[in-house]
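Reader: Hi! I have a structure to go through and would love some company. Could you walk me through it while I ask questions?
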Amino acid sequence: MGWNLRLPQGGNEEAGLMANAPSKNFKSVNRWSPNPAPVDPQQLPDYLFRELNRLGDILFNIDTFRLEPTNVDPENEGGTNKGKPRNGDIRYADGTNWNPGGTGEGIYAYTNGSWAKL
């Protein structure tokens, strides 16, 4: 985990160190759910800054059509499509636990009831 030098404000920050936001450690992010908001109103600016940066990373990935590798069959993930792939869905299979048709790592499209490697 990376560290940024910060002015002391309490907790681990007393040492002048604060952990980078998770979105800065792993750029390939396509989903967002908010982290819990701080109770202390003085921490709100930092919280908003981190959340907006995470959203910016997600929008960048969508804009550039960057896919996250997945090792879970979408029919079992229960994500945004509730585990039911639809024609036109596109995924990047990492070829480990999810290896559509045994053809290995790659980008797959769901068409007519099955995944086809692109």
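Reader: Let's jump right in: is tryptophan 98 buried or exposed?

Author: Happy to help! Tryptophan 98 is buried, with a relative accessible area of 5%. One thing to keep in mind throughout is that this is a predicted model.

Reader: Good to know. Which residue does tryptophan 98 form an aromatic pair with?

Author: Its partner here is tyrosine 108, and the pair is tilted. The ring centres are 6.2 Å apart, with 45° between the planes. The structure holds three aromatic pairs.

Reader: And where do tryptophan 98 and tyrosine 108 lie?

Author: Tryptophan 98 sits in the loop between strand 4 (90-93) and strand 5 (106-111), while tyrosine 108 belongs to strand 5 itself, so the pair ties together parts that are ten residues apart in sequence.

Reader: Is tyrosine 108 buried or exposed?

Author: Buried: tyrosine 108 has a relative accessibility of 1%.

Reader: Which residues do the ring pairs link into a cluster?

Author: The cluster consists of Trp98, Tyr108, Tyr110 and Trp115.

Reader: Let me step back for a moment. How many helices and strands does the protein have?

Author: There are three helices and six strands. Following the sequence, the pattern reads β-β-α-α-β-α-β-β-β.

Reader: What share of the residues is buried?

Author: Buried residues account for 26% of the 118 residues in the protein. As for the outside, the accessible surface comes to about 8,200 Å², and 56% of that belongs to carbon and sulfur atoms.

Reader: What about contacts between residues 24 or more positions apart?

Author: They make up 38% of the contacts with a separation of 6 or more.

Reader: Now confidence. What is the average pLDDT?

Author: The protein averages 75, and 69% of the residues score at least 70.

Reader: Which elements have the lowest and the highest mean pLDDT?

Author: Strand 1 (residues 3-5) has the lowest, at 34, and strand 5 has the highest, at 93. Over residues 1-28 the pLDDT is below 50, and in the model this stretch has 41 contacts beyond near neighbours in sequence.

Reader: Why should I be careful with those contacts?

Author: Where pLDDT is low, the predicted coordinates should not be read in detail.

Reader: Fair enough. On to helix 2: how many salt bridges does a search of the whole structure find?

Author: Just one salt bridge turns up in the whole structure. The side chains of glutamate 51 and arginine 54 meet in a salt bridge at 2.9 Å, N to O. Both residues lie in helix 2, three residues apart, which is about one turn of the helix.

Reader: Are glutamate 51 and arginine 54 buried or exposed?

Author: Both glutamate 51 and arginine 54 are buried.

Reader: Which residues form the nonpolar patch on the surface?

Author: Trp32, Leu44, Leu48, Leu52 and Leu55 form that patch, with about 440 Å² of accessible area together. One of them, leucine 52, lies in helix 2. Leucine 52 is exposed, with a relative accessible area of 57%.

Reader: Loops next. Where is proline 36 found?

Author: Proline 36 is in the loop between helix 1 (22-25) and helix 2 (44-63). Proline 36 is exposed, at 72% relative accessible area. From proline 36 to tyrosine 47, eleven residues along the chain, the C-alpha atoms are separated by 9.0 Å.

Reader: And what lies in the loop between helix 2 and strand 3?

Author: Leucine 67 is one residue placed there, with strand 3 spanning 69-70, and glutamate 68 is found in that loop too. Leucine 67 counts as partly exposed at 21% relative accessibility, and glutamate 68 counts as partly exposed at 30%.

Reader: How far apart in space are leucine 67 and isoleucine 90?

Author: They are 8.6 Å apart, C-alpha to C-alpha, with their positions 23 residues apart in sequence. Glutamate 68 and alanine 93 are 8.7 Å apart by C-alpha atoms and 25 residues apart in sequence.

Reader: Last one, I promise! What is the phi of asparagine 112?

Author: Asparagine 112 has a positive phi of about 50°, although it is not a glycine. Asparagine 112 sits in the loop between strand 5 and strand 6 (114-117), and at 68% relative accessibility asparagine 112 counts as exposed.

Key
Residues numbered from 1 in each chain as written. Predicted model: local features only at pLDDT ≥ 70, side-chain atom pairs only at ≥ 80, totals over all residues. Heavy atoms only, no water. Phe/Tyr/Trp six-rings, centres within 6.5 Å; stacked < 30°, edge-to-face > 60°. Helix = DSSP H or I, 4+ residues; strand = E, 2+ residues; numbered from the N terminus. Buried < 20%, exposed > 50% of the residue type's maximum accessible area, 1.4 Å probe, protein only. Contact = heavy atoms within 4.5 Å. Areas by Shrake-Rupley, 256 points an atom, 1.4 Å probe, with all protein chains shown as cover. pLDDT = per-residue confidence, 0-100. Patch = residues over 30% accessible without salt bridge, like charges linked within 9 Å, V, L, I, M, F, W, Y side chains within 5 Å. Salt bridge = Lys/Arg side-chain N within 4 Å of Asp/Glu carboxyl O.
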